[in-house]
Amino acid sequence: MHPNLFPTTVLCILIVLIFSINVPTTLCLDDFHYTNCSQNFDCSGIETVNYPFWGVNRPDYCGLPGFEVTCQDDVPMITMMQGEYRVINIASATSTLQVAREDYWGNICPQYFYNTTLNFSLFNYASGLMNLTIFYKCNLYQEIPNVPSALSCPINGTNINAYYAVTGSTAVQGLRVMCNSSVIVPIFESVAQALVAGSTNIFDALDEGFELQWRPSNDQCNTCMVSGGQCGYNRTSSQFTCFCKDQPSNAAVCSSKPSGM
Ligand SMILES: *[C@@H]1O[C@H](CO)[C@@H](O)[C@H](O)[C@H]1NC(C)=O
Ligand SMILES: *[C@@H]1O[C@H](CO)[C@@H](O)[C@H](O)[C@H]1NC(C)=O
Ligand SMILES: *[C@@H]1O[C@H](CO)[C@@H](O)[C@H](O)[C@H]1NC(C)=O
Ligand SMILES: *[C@@H]1O[C@H](CO)[C@@H](O)[C@H](O)[C@H]1NC(C)=O
Ligand SMILES: *[C@@H]1O[C@H](CO)[C@@H](O)[C@H](O)[C@H]1NC(C)=O
Ligand SMILES: *[C@@H]1O[C@H](CO)[C@@H](O)[C@H](O)[C@H]1NC(C)=O
Ligand SMILES: *[C@@H]1O[C@H](CO)[C@@H](O)[C@H](O)[C@H]1NC(C)=O
């Protein structure tokens, strides 16, 4: 074996050999980036939160800017364009996550109205979605066909009316003219169909959330993981980094064999 290959590992082995009885093995700590990014995300509401996501007990160098997941009362949350979303599921294999708007969780009467917007350099909508438009403060001077009856929203101490309709329906055009405010929320196409058919309700439909695809590629991360490393990001150099057991690797892969062998 080439003598310069694993200085840290070799040093550790020597230390352990020399002081094999009295020295605690903590002297041979793994690199802290590796250790910290190996931790499971500490939030009971979700099973795994991995690169490019980070947050709570996983420091910012374990993921990319814009992908912080927080944990509020055991609910994983992500902030996108100032809006708060519950993270229902993260699927690394397909680079998709399922989120639901926090302000519409079990609720159709939020205090502030804002449209769902994405930073398209980070996320894109997955396929199989439709937009639901929720209308508020409507002046109903004519009957609109196929629109469920008004929901009453106590907001800021007054009751305002609310209606909803799925994108593309004729009801949307009518309501757009008559209502003073509207909010666009994506829902699954299958849920939209169930909503129109009356086999689900607006609250359950919103709580299902919608699916997003994240744009940054997971290829480097997959290579890093396979080589035994933990994925990370160096904010100083703005580069993907593979945190290997002994040290961060700029090569984005941990080599466990001498190169060329
Ligand atoms: C990382 O891990 C070390 C110990 O392994 C710990 O002292 C440190 O606070 C952790 N967090 C960060 C943000 O580095
Ligand atoms: C409720 O009040 C807040 C604070 O005054 C205001 O910003 C918000 O727009 C109001 N919401 C609605 C739906 O009128
Ligand atoms: C949401 O988008 C629709 C369509 O672009 C717009 O008419 C509406 O005013 C927007 N709502 C808010 C709260 O910005
Ligand atoms: C969108 O994400 C990119 C990449 O992280 C960031 O540079 C940019 O500031 C973000 N845009 C907005 C409007 O937040
Ligand atoms: C929903 O509306 C947003 C704009 O508010 C748009 O970017 C998105 O593509 C729409 N989604 C569908 C499925 O029409
Ligand atoms: C909608 O806005 C108009 C003009 O500001 C106002 O006269 C009307 O009362 C509003 N309608 C509702 C239902 O709030
Ligand atoms: C991050 O990049 C800077 C500049 O290239 C480098 O000096 C530093 O060692 C890197 N940090 C890690 C943890 O890889």
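**Hairpin, sheet and two ligand sites**

In the hairpin made by strand 7 and strand 8, two residues sit between the strands, and Asn 156 takes a positive phi near 55 degrees. The model is a predicted one. Strand 7 covers residues 151-155 and strand 8 covers residues 158-166; the two run antiparallel and are joined by five bridges. Within this pairing, Ser 152 stands opposite Asn 161 in strand 8.

Asn 156 turns up again at ligand 2, whose surroundings consist of Gln 111, Tyr 112, Phe 113, Lys 137, Ile 155 and Asn 156. Here a polar side-chain atom of Asn 156 lies 2.3 Å from an oxygen atom of ligand 2. Gln 111 makes its contact through the backbone, with one of its polar backbone atoms 2.7 Å from a nitrogen atom of ligand 2. On its own, ligand 2 exposes 360 Å², and the protein buries 53% of that. Sorted by class, the shell around ligand 2 comes out as three nonpolar residues, two polar and one charged.

Lys 137, one of the residues around ligand 2, is also listed around ligand 6, together with Cys 138, Asn 139 and Asn 180. The polar contact to pick out here belongs to Asn 139: a polar side-chain atom of this residue lies 2.8 Å from a nitrogen atom of ligand 6. Ligand 6 has 360 Å² of accessible area when taken alone, and the protein covers 35% of it. The shell around ligand 6 splits into one nonpolar, two polar and one charged residues.

Turning to the sheet, six strands make up an open arrangement with antiparallel pairing, in the order 1-2-3-4-10-5. Its edges are strand 1 (69-72) and strand 5 (123-125), each of which pairs on one side only. From one strand to the next, the twist averages 45 degrees. Inside this order, strand 4 (residues 96-101) and strand 10 (residues 210-214) run antiparallel and are held by four bridges. Val 99 stands opposite Phe 210 of strand 10. In general, strands of a sheet pair through backbone hydrogen bonds, in either a parallel or an antiparallel way.

Last come the aromatic rings. Searching the whole structure gives 10 aromatic pairs. One of them, Phe 32 with Tyr 61, is edge-to-face, at 6.1 Å centre to centre and with 85 degrees between the planes. Phe 32 belongs to helix 2 (residues 32-38) while Tyr 61 sits in the loop between helix 2 and strand 1, so this pair ties together parts that are 29 residues apart in sequence.

Technical notes. Residues numbered from 1 in each chain as written. Chains lettered and ligands numbered in written order. Predicted model: local features only at pLDDT ≥ 70, side-chain atom pairs only at ≥ 80, totals over all residues. Heavy atoms only, no water. Pairing = 2+ DSSP bridges. Axes fitted to C-alpha atoms, helices over the stretch in contact; angles between N-to-C directions. Near = heavy atom within 4 Å. Polar contact = N/O pair within 3.5 Å; in protein donor to acceptor, adjacent residues only side chain to side chain. Areas by Shrake-Rupley, 256 points an atom, 1.4 Å probe, with all protein chains shown as cover. Nonpolar A, V, L, I, M, F, W, Y, C, P; charged D, E, K, R; others polar. Phe/Tyr/Trp six-rings, centres within 6.5 Å; stacked < 30°, edge-to-face > 60°.
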